Amino acid sequence: MSPRHELDSRSVDANADLDMIMQKNVRKLRMKHIAKKKQQHPHSTAPLQPLGNLPTLSPTKDKRHHKPHQTFSKKQLFDEKENSDVAPSHPKQHHEYAAPVEEKHRRNITIFDCAKIVNNKGRVMTHEEFDLVSSSPSSVSSSACSTTCSSMSPSPSSLGKKSSSLKLTKKAMKQPKTTTSEMLRQMAWEQMVLEIMCSLLPEIDVLSELNRTLVQCSRAAASTESSSMDLVGFQQQLHYHLNALHIDNTDLPPPFTSGAKLVDLYVTKSLVQSIVFGLMTVSDKRAQGSLSAISMSIFEQVPSLRHDMLLAIECTAAEFYNLPDTVNSKSFNVDGMVHLTGAIVSFQHDLSMQTQQNIFDDDEDTVNVSSTNMTPTDEDDTIYEHAVRILALFCRAWSCYGAATTAASSADAVFSANANLASNPTVKALIASVQLLAQVSPHHGLAFLSDTLLRRWPSRNTSRQLLFLRLIPMLLVQLASAQVYMESFTKVVYDSFDRIQRCIVAPHVLVAREACALCDDLHLIRLFLLRDKALLDTVTTALHVNAHHHWNKQIQALSDDHFDSMLDLA
């Protein structure tokens, strides 16, 4: 016999011995499994019922459900022989081997879920952790790795907050199985959101920036072009608001639908209202920035919704104006809404400048187009009028007063807030937006000064008086420097200084101090007081009366010092 035939015969004998060992161990395991079941379920000692009382069995209704045949893995079959010699007196080990091994259903990982494989701490997640995180909307954290392509949308207030530690219990791991159609629908929805993002942000390569954020796990690693925008938060908030307005039973558009058509279908008036109201009520800074970026991108890329967005902002300002005194106004994002209004005014001004510059580019003579000699169009006037009404509502509704607490603590807190008004973010936003409005459109700035600030003075609210005293000199200087003829400007100037004179002699310490500080403004002195003797006399008379008759010694000393400086000017 050749050596090859000898090797074949040996392999056949070895396989036969192996099959015999496996069959023997299978019989042992089944017998032990049956004995264990008999110990757990002993025979009942109750007397047997007669045969007549037994219910009749119907072959169609009461079918016996046969359990599948008991199976064992190869590792159990071969480990049984080794463990039987070592520890034959431990039935717990045999029971562990006798338990059937059920492979848990694992959901396929799509390309949109790849960001969740690594958690916030940089540890690779298991399939159970992955399924638990992907199915819980509250578990979405602010990390770029765990929130870029979420299949479940978080609430706006959850952005930027650290996710709580997850307790992976057996009950929590039992999640409903996702069918193939549901998975495909989720993928199509995520793809649609990305297409809408690409249409709203044409200057940014959205997919490349998101992939770079995924790989490097840091928003700071983005390019300089999109470093000021959080694309991850942008996608989260857009997904959340689109999903909130979407009906589950409706059919999605077919694949490969263009981004412009998706914008026409899903970026609607309802979405604009949802985003604007969400921006007003959300308290998380990251969510505020994302919603503001979405609003500006819609305003820039969808011209048909610009009027609807301004109406939504104006309605939000009116609701804030009508809030009762018992509601804490500090919980609302007023500065974010004011910044959005200023950004809209700035964008419309730049768009008009670019349009008129393109018109003059065809001429042979070079013409420098500036905001002073530019004629605003009807669309510009409409947007600026909306901005005037919005800023007027926010100015007249804003206050340092919050929800009513104890009288002593509330008074101290309000006085401290009024004294530190310059550091208030809402005051900074209002001053910057009003100054920008007066710069791009002096006529609307003059209307804001006369109708909003001077016509109805908030005599019972110290915070608004201090805010108005900061806005009046800024607008006067801005309008005087605009070099645009305005008929009612002289009357508005006299009314403004008359209001300043009344504030100088006001009994409130903070109001009198703020009004006296305006005498140090060199722009007011150079543009108005040195050119008009009547205005200088009005201010000096108020300072002289204040220096002798005010109840506060500090205000008397401050008025006396400013009176001496006004006499030097005279």
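Look first at helix α21 in this predicted model, where the buried residues are V509, L510, V511, A512, E514, A515 and C516. The helix runs over residues 509-517, and because 7 of its 9 residues are buried, α21 is largely enclosed by the rest of the structure.

Now let us turn to charged side chains. Side chains of opposite charge can pair when their charged atoms come close. A search of the whole structure turns up 8 salt bridges, and three of these pairs are worth visiting.

Start with D230 and R286, whose side chains meet in a salt bridge at 2.5 Å, N to O. This pair ties together distant parts of the chain: D230 lies in the loop between α8 (206-216) and α9 (231-245), while R286 belongs to helix α12 (residues 285-301), 56 residues apart. Both D230 and R286 are buried.

Next, find E314 and R389, which form a salt bridge at 2.9 Å, N to O. Here too the pair links distant parts of the chain, with E314 in helix α13 (residues 306-321) and R389 in helix α15 (residues 378-397), 75 residues apart. How buried or exposed are these two partners? E314 has 17% relative accessibility, so it counts as buried, since the cut-off for buried is under 20%. R389, at 35% relative accessibility, counts as partly exposed.

The third stop is the salt bridge between the side chains of R455 and D451, at 3.1 Å, N to O. R455 is exposed, with a relative accessible area of 61%, whereas D451 is partly exposed, with a relative accessible area of 36%.

Finally, let us see how two helices sit against each other. The axes of helix α17 (residues 425-440) and helix α19 (residues 462-480) come within 10 Å and cross at roughly 25°. Angles under 35 degrees count as roughly parallel, and α17 and α19 are therefore roughly parallel to each other. Their crossing is right-handed. On the α17 side, the contact is made by V427, L430, I431, V434, Q435, A438 and Q439. On the α19 side, the contact is made by L467, R470, L471, M474, L475, Q478 and L479. Why might the numbers on one helix come in steps like these? An α-helix has 3.6 residues a turn, so residues three or four places apart point the same way. Sorted by class, the contact of α17 with α19 has 10 nonpolar, 3 polar and 1 charged residues.

Notes
Residues are numbered from 1 along each chain as its sequence is written. This is a predicted model: local features need pLDDT of at least 70, side-chain atom pairs count only at pLDDT 80 or more; totals for chains, interfaces and linings use all residues. Side-chain values use heavy atoms; hydrogens and water are left out. Buried means under 20% relative accessible area, exposed over 50%, partly exposed in between (1.4 Å probe, protein chains only). Helices (H or I, at least four residues) and strands (E, at least two) are DSSP runs, numbered from the N terminus. A salt bridge is a side-chain nitrogen of Lys or Arg within 4 Å of a carboxyl oxygen of Asp or Glu. Axes are lines fitted to C-alpha atoms, for helices over the stretch in contact, and angles run from 0 to 180 degrees between N-to-C directions. Angles under 35 degrees count as roughly parallel, over 145 as roughly antiparallel, 65 to 115 as roughly perpendicular and the rest as oblique. A crossing is left-handed if the near helix is turned anticlockwise from the far one by less than a right angle, and right-handed if clockwise. Contact means heavy atoms within 4.5 Å. Ala, Val, Leu, Ile, Met, Phe, Trp, Tyr, Cys and Pro count as nonpolar, Asp, Glu, Lys and Arg as charged, and the others, Gly among them, as polar.
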